[in-house]
Amino acid sequence: MKCPNDCTVETICRAEVKKHMDEDCPLQRVACRYERIGCTEQVRRQDLERHLEEEKDRHLQLAMDSVVELTLKVDEMAIKVEELTAEREENGLQPPDEVGETYSDEFDFSAEISPPVSPQF
Ligand SMILES: [Zn+2]
Ligand SMILES: [Zn+2]
């Protein structure tokens with residue numbers, strides 16, 4: 001059979017079509033190599049080099065933007081890690097006992113109140 005994209009390949013066996021489309025066909029549309037940084041264009045494989053050449057300023061800008069975004073995220077995460085570390089250090093010094101005491105005080109309090117009341121009815 002012929003290539004579904006009607007490219008220069010003359011004949012191709014059915015089993016090879018998908019591989020040809022995915023890997024070789026010059027007329028198959030493929031995602032730009034910079035898809036992950038935000039270029040959503042789909043170009044024919046044979047036009048990809050030209051696209052990369054023509055759009056390289058824009059790709060560079062996209063790359064810059066995503067680096068900036070990543071840097072901000074890394075900063076944010078660093079701050080969160082610091083906060084969590086500080087919180088954990090604070091917790092490590094006191095709270096477990098304090099929390100336990102508060103809980104058992106409340107529990108004893110209600111336990112003392114209710115039993116004496118009910119037998120009298
Ligand atoms: Zn083809
Ligand atoms: Zn692109």
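In which segment does T8 lie? In the predicted model, T8 belongs to the segment before α1, the helix that spans 14-24. The description below starts from the whole chain and then returns to this segment.

The protein contains four helices and two strands. Along the sequence these elements follow the pattern α-β-β-α-α-α, with both strands placed after α1. Of the 121 residues, 2% count as buried. Contacts between residues at least 6 apart in sequence were also examined, and 13% of these join residues at least 24 apart.

Three residues of the segment before α1 are considered in turn, beginning with D6. D6 is found in this segment and has a phi near 60 degrees. This value is positive, and D6 is a residue other than glycine. Most residues other than glycine have a negative phi. D6 counts as exposed because its C-beta neighbours inside 10 Å number 9, where exposure requires 12 or fewer.

T8, which also lies before α1, has 10 other C-beta atoms within 10 Å and is therefore exposed. A separation of 8.6 Å was computed between the C-alpha atoms of T8 and C25. These two residues are 17 residues apart along the chain. The helix α1 covers 14-24, so C25 follows directly after the end of that helix in the numbering.

T11 is likewise found in the segment before α1. With 8 C-beta neighbours inside 10 Å, T11 falls within the limit of 12 or fewer and so counts as exposed. The C-alpha atoms of T11 and M1 are separated by 5.3 Å, the two residues being ten residues apart along the chain. When residues up to four places away in sequence are not counted, T11 touches M1 and K2. M1 is thus named both in the C-alpha separation and among the contacts of T11.

Definitions and conventions
Residues are numbered from 1 along each chain as its sequence is written. Chains are lettered from A and ligands numbered from 1 in the order in which they are written. This is a predicted model: local features need pLDDT of at least 70, side-chain atom pairs count only at pLDDT 80 or more; totals for chains, interfaces and linings use all residues. A residue is buried if 20 or more other C-beta atoms lie within 10 Å of its own, exposed if 12 or fewer, and partly exposed in between; C-beta atoms are placed from the backbone. Two residues are in contact if their C-beta atoms, placed from the backbone, lie within 7 Å.
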